[in-house]
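Let's take a friendly walk through a fold, one element at a time. Keep the viewer open as you read, and look for each residue as it comes up.

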Amino acid sequence: MAERSQYEELARQISAIGAVKREMARGLPPECPPASAVVLTLLEKHGEMRTSRLAELMAIDMSVTSRHVTHVADRGWIERHPDPQDGRSRLLRISESGERLLADLSAHTAEVLAAHLHDWSDEDVARLNTLLSRLRMSFGDCRARGLPHEKTTAPLS
């Protein structure tokens, strides 16, 4: 087990990740805040689902998830339709325009990372991906369960 000072330094480094996320988010279109990009990413990755499942994957409250869903639906990035299993529920799926936007966002995110990490070796980037995935799994991140080796360039997810 690591020494306490190593955990304290890790806590400082994780706190500083917020600056990295903010820098990456600067390139998002104003009408697409990071949470909207996450909604699109999860729908693209997992397929159609109920809002309750999306809330679970995002690890946020249903009311907050509903606001994010409304935001992306109002822009035509997702479609909502009745759940054939339960007509009272709605299923969400990414639309064609949402897929195009997500592809643009993913390309932009990859470009930003490549620009900032241009002096990193492929092995260093791979090691960081592995360690971050492991960290998420250690905290029980539902988005990572069962998908430890999946490769994505999803924006801000």
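What follows is a tour of the sheet, the helices around it and a few single residues.

Please keep in mind that this is a predicted model.

**The sheet**

A good place to begin is the open sheet of three strands, whose order is β1-β3-β2 with antiparallel pairing. Which strands form its edges? They are β1 (49-50) and β2 (78-83), each of which pairs on one side only. As a general reminder, strands of a sheet pair through backbone hydrogen bonds, in either a parallel or an antiparallel way.

On one side, β2 and β3 (residues 86-94) are paired in the antiparallel sense over six bridges. To see this pairing in your viewer, find H81, which has L91 of β3 as its bridge partner. Another pair to look for is D83 with its bridge partner D86 in β3. A hairpin through two residues joins β2 to β3.

The pairing of β1 with β3 is also antiparallel, over two bridges. Here M49 has L92 of β3 as its bridge partner.

**Helices on the sheet**

Two helices can be followed across these strands. Helix α2 (residues 34-46) lies across β1, β2 and β3, and it runs at about 100° to β3. Helix α4 packs on the sheet as well, where it touches β2 and β3, and the direction of α4 makes about 115° with that of β2.

**Helix against helix**

Now turn to how helices meet one another. The table sets out two such crossings.

| Helix pair | Closest approach of axes | Crossing angle |
|---|---|---|
| α3 (residues 51-58) and α4 (residues 62-74) | within 9 Å | roughly 105° |
| α2 and α5 (residues 96-116) | within 10 Å | roughly 110° |

Take the α3 and α4 pair, whose axes cross at roughly 105°. Angles of 65 to 115 degrees count as roughly perpendicular, so α3 is roughly perpendicular to α4. In this contact, T51, S52, L54, A55 and M58 of α3 meet M62, T65, S66, H68 and V69 of α4. Sorted by class, the residues of the α3 contact with α4 are five nonpolar, five polar and no charged.

The axes of α2 and α5 cross at roughly 110°, which makes α2 roughly perpendicular to α5. Which residues build the contact? From α2 come A37, L40, T41 and E44, and from α5 come G98, L101, L102 and L105. By class, the contact of α2 with α5 holds five nonpolar, two polar and one charged residues.

**Single residues worth a click**

Start inside helix α2, where S36 lies. Is S36 buried or exposed? S36 has 1% relative accessibility, so S36 counts as buried. Setting aside neighbours within four places in sequence, S36 is in contact with H71, V72 and W77.

Just along the chain is P33, in the loop between α1 (4-25) and α2. P33 has 34% relative accessibility and therefore counts as partly exposed. Not counting residues up to four places away in sequence, P33 touches L28 and H71. H71 is thus a good residue to select, as H71 appears among the contacts of S36 and among those of P33. P33 and H68 are 35 residues apart in sequence, and their C-alpha atoms are 9.4 Å apart in space.

Next, visit the loop between α3 and α4, which holds A59. The phi of A59 is near 60°, a positive value in a residue other than glycine. In general, most residues other than glycine have a negative phi. With a relative accessible area of 64%, A59 is exposed.

R75 is in the loop between α4 and β2. R75 counts as partly exposed, because its relative accessibility is 37%. Between R75 and G98 there are 8.8 Å in space, C-alpha to C-alpha, although the two are 23 residues apart in sequence. G98 may look familiar, since G98 is one of the α5 residues in the contact with α2.

**The last stop**

Finally, look at helix α6 (residues 122-138), which has 17 residues. How far does α6 reach from its first C-alpha to its last? The reach of α6 is 24 Å, close to the 24 Å expected at 1.5 Å a residue. After α6 comes G140, with a positive phi near 75°.

Conventions:
Residues numbered from 1 in each chain as written. Predicted model: local features only at pLDDT ≥ 70, side-chain atom pairs only at ≥ 80, totals over all residues. Heavy atoms only, no water. Helix = DSSP H or I, 4+ residues; strand = E, 2+ residues; numbered from the N terminus. Expected span 1.5 Å × (residues − 1). Axes fitted to C-alpha atoms, helices over the stretch in contact; angles between N-to-C directions. Parallel < 35°, antiparallel > 145°, perpendicular 65-115°, else oblique. Contact = heavy atoms within 4.5 Å. Nonpolar A, V, L, I, M, F, W, Y, C, P; charged D, E, K, R; others polar. Pairing = 2+ DSSP bridges. Buried < 20%, exposed > 50% of the residue type's maximum accessible area, 1.4 Å probe, protein only.
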